[in-house]
Amino acid sequence: MLANKIITKDLDLYYGENHALKTVNMDIKEKAVTAFIGPSGCGKSTFLKTLNRMNDLIPSVRIEGTVTLDGEDIYSQGVDTTLLRKKIGMVFQQPNPFPMSIYDNVAYGPRIHGIKHKAQLDEIVEKSLRSAAIFDEVKDRMKKSALGLSGGQQQRLCIARALAVEPEVLLMDEPTSALDPISTLKIEDLMAELKSEYTVVIVTHNMQQAARISDYTAFFLVGEMVEFNTTDEIFARPKDKRTEDYITGRFG
Amino acid sequence: MTTRVNFQLELEALDEALEEMADMVENNIEKSLASFEKRNVELAREIVQGDRAVDDMQRSIEARCLSLMLHQQPVVARDLRMVSSALKIVTDLERIGDHAQDIAELVLRISDANVMENVGHIIEMASKAKLMMKNGIRAYTTRNTELAYQVIDADDEVDDLFNEVKEEISNLLQEKKEPVDDCVDILMIAKYLERIADHAVNICEWTEFNETGTVQNIRLL
Amino acid sequence: MGTNTVSLYTKRRRLSDGILTALIYLCASLAICLVAGIVGYVVVRGVRSVNWTFLTTVQSSKNNTFGIAGNLLNTLYIIVITLLIATPLGIGAAIYLNEYAKPGKLVRMIEFTTETLSGIPSIIFGMFGMVFFGTTLHLGFSILTGALTLTLLILPLITRNTQEALRTVPDSYRNGALGIGATKWYMIRTILLPSAMPGIITGVILAIGRIVGESAALIFTAGSGYILPKSLFGAFHKILESGGTLTIQMYLRMTNAKYDDAFGIALVLLIIVLGINCLTKFLTKRFDVTRLDERRGKQKRVKTKVSK
């Protein structure tokens, strides 16, 4: 049994009057891939963003309950969100490389956290690009603009950028929904590799993807976490009829 | 850079598991027929007791295929053909294993050794069936459709031999030369050998399907 | 095949289309003719007055010569001082409004006010500048008074342009930076401002154009001095002295019926405005972060600036 990395307890989230997450309790396992599935607007992305407090950026959001990372409440007073987001990195739906060189994109995070030595940065950049399985494709064009890369490459670059700050957890919000099938499969392979070192949490619209890559799966429906279990259990023997209806495509 | 590395590894592992099971079955057949030819009771007993491993292997390969379907959705082209033919072949292999056991059980019952000398074709039939089975498995693991077609063609010879054996036995029975029980047992052994050859043909047909999507010129996929 | 099928090759004349097309062409050519006419007239009338003496000397009754060197310098002073004050203020305000302020009544009110401000006739700014900076703050007729007044005039321009530029920076950049632990200000400094730079530059250069062309707001604030400073101290002190820009001088020449001089100044102004437009095009391209690869070939320095 794997250790718990992130634990949410009675987590409620409101957008103004809208009760967007309803008492979510979940233990996210360390060094495993956990996938969140569910129809659009079910709260899976919102829940993902509560895990590194990206919802703080939205003014009308109110959160109740606790989220702990290795036992520390990330919503308690005095938590440094900068440090939190260094530990819990994030990759977004649309590849969003910064308009700078490939090298500077990856070095961006380490520079925030005060690393200035050229040699040290070089090392981090190479290691991160290798971890994101894109080093060989970009090693000869490190000083070229990141915007010149293909969509799939851009997304892997963004993963490298997130890895460069050496996070413990990697949150991915539909990381392949804007990519072609081959790029998608490359990223899926990458996730399988990443889980040996990182805790990976991914939101996906694609149930097959969740089945392919995740160890644990949570199914969300209108703000409620309906079922959370190993991926085997969820896809082979779902306990809740709503889960079964959804994964078998008999929804609504 | 190739994609779906894990899936590819799992498919290879599936292939290896099938080969391993085929080896086990082949080994059992080998031993079973040896016990028959040499009337080695010890060897036969060993076979009768030892079929559990093949059954476990069958379950594990089936579980592997189902897990692949659940997680990797092999629903197109050769992925689909490979996983579905693996599911079919594993049944044939298991049956062959069962028949090896059945033969060993009969060997234990045959009391009079002479009966075998009087059924001259059965040894030839046994070696033909064994060869078909071996080649069938080899055809699948090496994806060799040529070999598969050879095995399929060889089935007629085994069928002919079976008819010869049948005739010999009915002669024996009419002449009352041998105990009736032994005659019936030998006939059953011959029938099992014929079934083994049929399963070898099935494996070859799935080999053909795995490569072409057709079985005996009927397009399945 | 139905009998009433219309072939793709059937030609159907649409009369209204033809008329409208002709009208549009007419309007366009009229506009071009107008611009060409004005420019041509100014060039023809002004080119005789523009020579070395005209550009390098100041007005002198003793030598009975006329030159615009003092006014050129004054214009430069006003541009530099106004921008020094207005650019940081305008960019700062835009960053506050776009990135920090919670969207709501206050922001809408500030935006509405700045928009209104840019619609007010510049003579009103001139009057306010004269009374407030000139009299109340005792700055008198001086370049500083003029620059402060013009600051009020161009602040909305720079703020609006910067805001627009910040708005075009995708949110994904903001999230990307914050998502790996950047502080807000670090994100603004390293991602937003470099990305918004072309838009900001456009705003600043438009502001320069406005300054160069302004006369009503200056005539009662910066005055009409045209003397060149004679020492280093003088160069600094000049900020507190009266100084008329090119447009002011042009206005004065016209009131004295010296039309040739006025056309000469007009020609110089035209050339300056043309130069500014070219500069805008060049700079916005140079600072466009999305064109890193095109830029790198030409200029190494820019890259380090972006990547810092």
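Helices, of at least four residues, and strands, of at least two, are DSSP runs numbered from the N terminus. In this predicted model, chain B contains 8 helices and 2 strands. Read from the N terminus, its elements follow the order α-α-α-α-α-α-α-α-β-β.

The C-alpha atoms of chain B occupy a box of roughly 70 × 35 × 20 Å along the principal axes. Of the 221 residues in chain B, 42% are buried. When contacts in chain B between residues at least 6 apart in sequence are considered, 80% of them link residues at least 24 apart.

For chain A, the mean pLDDT is 91, and 99% of the residues reach a score of at least 70. Among the elements of chain A, the highest mean pLDDT, 96, belongs to strand E3 (residues 33–37). The lowest, 88, belongs to helix H7 (residues 181–194) of chain A. In general, predicted coordinates should not be read in detail where pLDDT is low.

The two chains also touch each other: 10 residues of chain A are in contact with 9 residues of chain B. On the side of chain A that touches chain B, at least two residues each are supplied by H7, helix H8 (207–213) and helix H9 (231–236) of chain A. Helix H7 of chain A gives the most to this side, with 5 residues. By residue type, the side of chain A that touches chain B comprises 6 nonpolar, 1 polar and 3 charged residues. Helix H7 of chain A is thus both the element of that chain with the lowest mean pLDDT and the one that gives the most to the side touching chain B.

Terms used. Residues are numbered from 1 along each chain as its sequence is written. Chains are lettered from A and ligands numbered from 1 in the order in which they are written. This is a predicted model: local features need pLDDT of at least 70, side-chain atom pairs count only at pLDDT 80 or more; totals for chains, interfaces and linings use all residues. pLDDT is the predictor's confidence in each residue, from 0 to 100. A residue is buried if 20 or more other C-beta atoms lie within 10 Å of its own, exposed if 12 or fewer, and partly exposed in between; C-beta atoms are placed from the backbone. Two residues are in contact if their C-beta atoms, placed from the backbone, lie within 7 Å. Ala, Val, Leu, Ile, Met, Phe, Trp, Tyr, Cys and Pro count as nonpolar, Asp, Glu, Lys and Arg as charged, and the others, Gly among them, as polar.
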